[in-house]
Number of protein chains: 2
Amino acid sequence: MPSSPDTHSLEMLVRRLESIATLSDEERQAILSLPARTRVLKAGHDIVREGDKPSHCCLILSGWAYRYKLIDQGRRQIFSFHIPGDIPDLQSLHIHTMDHSAATLTESTLAFLPHENLLDLTTRFPSLAAILWRETLIDAAIFREWMVGMGRRTAFERIAHLFCELYLKLQAVGLAQSYRCALPITQIDLGDALGLTNVHVNRVLKEMREQGLITLRGGTLVIESWDELIGACGFDPTYLHLEKRAAA
Amino acid sequence: MPSSPDTHSLEMLVRRLESIATLSDEERQAILSLPARTRVLKAGHDIVREGDKPSHCCLILSGWAYRYKLIDQGRRQIFSFHIPGDIPDLQSLHIHTMDHSAATLTESTLAFLPHENLLDLTTRFPSLAAILWRETLIDAAIFREWMVGMGRRTAFERIAHLFCELYLKLQAVGLAQSYRCALPITQIDLGDALGLTNVHVNRVLKEMREQGLITLRGGTLVIESWDELIGACGFDPTYLHLEKRAAA
DNA sequence: CGGCAGTTTGACAAAACTCAAACACGGTGG
DNA sequence: CCACCGTGTTTGAGTTTTGTCAAACTGCCG
C-alpha cells in the first residue's frame, strides 16, 4: 500500500476547480502547496466509515468510489458514484461525524488533504470556499434527482436516467466520448443505488438491450441511442450544473 | 400582501445560528443589519420555481414550506419540509438556476435576504460562511436519509422515520414537546415526499394508529410510543447533526 | 482446472398502485 | 343556521410492479 507526499496530484484539483471558475495565481499556488498524501486502495475497500471523525478529505486521482449506508446488516443504499476529480467526502470538512460510509468501487488512487489546510484555504480565499461549497451543493442537487427517481420513476426510467447522468459526468472530465464509457458498477451496486433488486435490474437491462438503447458488457456502457434514452426517462441535465460558472 | 423592511425578523436568524455555534458581537451585528424584507404568503404558493434565478434567500419566520419537483405534469417529488428558522433556498446563494421549486404548505411569514448581502457576509466572516455551508450539508444529510427510506425501507418504516425526524426538528426549535406537534401535511404530501400514493399512506397510517404508535388528526401528530416508533423504523438521529458544534 | 463473483432465467409471492366510490370536515354564501 | 362545495380521507376490489427464492450459467483469476 504505497503512500507518499505528492504535489502533482494537486494539479488535478486545480484543473477541476478551473473547470468551475477562474482562479487567481495566488489561489492556484495555495492549492498546489497543500500537503497531499497519496495512497492506492484496492477495489472494495472502505475509505471512511459511518461514525468516523475524519481529519482529511479525499480527492480521487484515479478509479471509482461510492458512498453508501447500511441498515440492519442486510440492506444497503448507495448515494453516489464518484470519479476522478471528485472529493466524495468534502462534507466532512464541516460535519465532523460521518453519517455514512465511502468505499472504492475499483482500485483507486486517492490524495488525502488535511482538513486543517483546507479550512485555512477557505478562510484565506472566500472565492475558493465558494467553489467548494458549490460543489457540495451540486452533490445535493444530484441527491434530489435520485430522490425523484426512487420516489416517482419506474425502474426502467431510473436506470436510464442514471446512465445519462454518469455519461455526462464522465464526459465533463474527458473520461467518455462517442456515447461510450467505462462503467465498473455491478448490477448489485446498481440495484442498491436505485432502490431495486439486482434481479430486477437485470431484467430491465435486458429490456433496454432488446430495445437497442444501450449495451453494457465487460464494464463498458455503450449508449446506442442517446435521444431515445433521454426521451425514455425525461432526462434534463440542468441539475448537474455543468456549465462553467461566471468568473469569481 | 404586506411587505416591509424588518429588523426583528433577523433575530430569529441570530438565534438559529447561535444554536449551532457561538457568534462574536461583530458577527451578530452584521447579521442584524442585513436588509430583510418580510412578506406573508398564503398556503400553497410558490416561493421560487424551477428555472428561476433568484436574487434573495428566504428565511421562514412562521409557517411551513416544502421543496419539490414536478415531472411530466403529474408526478411530484417532495424533497424536504421546512419550519421556522430554516432557509430552504440557501443553496441559491451559489447555484444560480433553481433546479427545483419551493412553496408554502401553510400561510407563512418569510424574510427575504439579498444574495448580495449574504455573500458579503460570508466573505467578511468565514466562520459565518462555515455555519451556513454546514446548514446546507445537513440538508444533504437529510436527503441521504430520505434516499435510504425510498430505496430500502418499507412504507411503514418510511412514514415512521419521517415522523421521528420531523418531531426532533420541531423540538430542536421549541415547536414540539411531550411527543406532540403540529403537522400540517396532507396524506397526499406525505405520499409525494415518501414515494408512495396517498391511498397507501392512508392504509399504513391506519395500521400505525391501530398499533397505538401515533395519532394524526386535525393537523396534530401525537406520538403515543416514541420507543416503539423508533424501534419500528430503526431511527438513528445522528444524520440530523443536532448537537451544537464546537465554538468557531 | 476449479472457484468465486456476478449474471441470467424461471416460478411464485408480496408490496404497493389504480380506479372508483363513499365519507368527513371546514369554510362560504344564501 | 344550514346547505353546499371543495379538499382531503377512508375503504374496497382488482391489477401491476417489483421482490423472493432458487438454480443454472458465464467469465475471469489464480
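Let's start with a term: a polar contact is a pair of N or O atoms within 3.5 Å, and within protein one of them must be able to donate a hydrogen and the other to accept it, while residues adjacent in sequence count only if both atoms are side-chain atoms.

Okay, ground rules. What you see is a predicted model, where local features need pLDDT of at least 70, side-chain atom pairs count only at pLDDT 80 or more, and totals for chains, interfaces and linings use all residues. Residues are numbered from 1 along each chain as its sequence is written, chains are lettered from A and ligands numbered from 1 in the order in which they are written, and side-chain values use heavy atoms, with hydrogens and water left out.

Now the DNA. With that first term in hand, look at B:Thr197: an N or O atom in its side chain is 3.1 Å from a phosphate oxygen of DNA strand C. B:His200 also has a polar side-chain atom 3.3 Å from a phosphate oxygen of that strand. For B:Ala155, a polar backbone atom sits 3.0 Å from a phosphate oxygen of DNA strand C.

Which elements give two or more residues to the surface near DNA strand C? They are α6 and α7 (198-210) of chain A, plus α7 (198-210) of chain B. Helices here are DSSP runs (H or I, at least four residues), and strands are too (E, at least two), numbered from the N terminus. α7(A) gives the most, five residues.

By "near" I mean that a residue has a heavy atom within 4 Å of the strand. There are 16 residues around DNA strand C, and A:Gln187, A:Asn202, A:Lys206, B:Ala155 and B:Arg203 come nearest. Of the strand's atoms that come within 4 Å of the protein, sugar and phosphate make up 72%.

Right, on to where the two chains meet. Chain A puts 47 residues into the contact and chain B puts in 47 residues, with contact meaning heavy atoms within 4.5 Å. About 4,300 Å² is buried between them, and carbon and sulfur atoms give 66% of that. Buried area is the accessible area (1.4 Å probe) that two parts lose on being put together, summed over both.

How many salt bridges cross the interface of chain A and chain B? The rule finds eight, a salt bridge being a side-chain nitrogen of Lys or Arg within 4 Å of a carboxyl oxygen of Asp or Glu. B:Arg144 forms one with A:Asp99, where the closest N and O atoms are 3.1 Å apart. On the side of chain A that touches chain B, the largest share comes from α4(A), with 20 residues.
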